[in-house]
Amino acid sequence: MVNSVVVRIAADRIMNKGMNPKTGQVYLLDDITNTDYRQAVEDYILENTEGI
């Protein structure tokens with residue numbers, strides 16, 4: 001079970017090129033190692049962005 005607040009925060013940081021507090025660098029999807037959270041963040045990003 002994933003925490004939707006954590007997913008939203010991570011996705012927002014990735015989409016806005018925010019900082020990863022763990023590394024001090026720009027947050028990337030590759031920084032998420034938990035497969036459940038990574039999938040949830042990918043889904044959130046796809047649902048909340050416009051198509052290309």
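This short talk goes through the overall build of the chain, its nonpolar core, its largest pocket and one loop residue.

The model is predicted, so please keep that in mind throughout.

I start with the overall build. The chain has two helices and zero strands. Its radius of gyration is 11 Å, and the globule rule gives 10 Å for 52 residues, so the chain is as compact as a globular protein of that length. Along the principal axes, the C-alpha atoms fill a box of roughly 30 × 30 × 15 Å. Buried residues make up 21% of the 52 in the chain. As for contacts between residues at least 6 apart in sequence, 45% of them join residues at least 24 apart.

Next, the core. Which residues make up the largest nonpolar core? There are nine in all: Val 7, Ala 10, Ala 11, Ile 14, Tyr 27, Ile 32, Ala 40, Val 41 and Ile 45. H1 and H2 are the elements that give two or more residues to this core. The largest share, four residues, is from H1. Take Ile 45 as one member of the core. Setting aside its neighbours within four places in sequence, Ile 45 is in contact with Ala 11, Ile 14 and Met 15. Of those partners, Ala 11 and Ile 14 are also listed in the core.

Now the largest pocket. Its volume is about 250 Å³. The lining consists of 14 residues, and those nearest the centre are Ala 10, Asn 20, Tyr 27, Asp 31 and Ile 32. Ala 10, Tyr 27 and Ile 32 also belong to the largest nonpolar core. Sorted by class, the lining has seven nonpolar residues, four polar and three charged. Helix H1, residues 4-15, and helix H2, residues 35-47, each supply at least two residues of the lining. Which helix gives the largest share of that lining? It is H1, with four residues.

Last, one residue in the loop. Lys 17 is found between H1 and H2. Most residues other than glycine have a negative phi. Lys 17 is not a glycine, yet has a positive phi of about 55 degrees. Is Lys 17 buried or exposed? Its relative accessible area is 63%, and the cut-off for exposed is over 50%, so Lys 17 counts as exposed.

To recap: two helices and zero strands, a largest nonpolar core of nine residues, and a largest pocket lined by 14 residues. In both the core and the pocket lining, the largest share comes from H1. That is the end of the talk.

Notes: Residues numbered from 1 in each chain as written. Predicted model: local features only at pLDDT ≥ 70, side-chain atom pairs only at ≥ 80, totals over all residues. Heavy atoms only, no water. 1 Å grid on protein atoms, 1.4 Å probe; cavity = no way out; pocket = protein on both sides within 12 Å on 5 of 7 lines; lining within 4 Å. Points joined across faces, edges and corners; volume = space filled by probe spheres on them. Nonpolar A, V, L, I, M, F, W, Y, C, P; charged D, E, K, R; others polar. Core = buried A, V, L, I, M, F, W, Y, C linked by side-chain atoms within 4.5 Å. Buried < 20%, exposed > 50% of the residue type's maximum accessible area, 1.4 Å probe, protein only. Contact = heavy atoms within 4.5 Å. Rg over C-alpha atoms; globule rule 2.2 N^0.38 Å.
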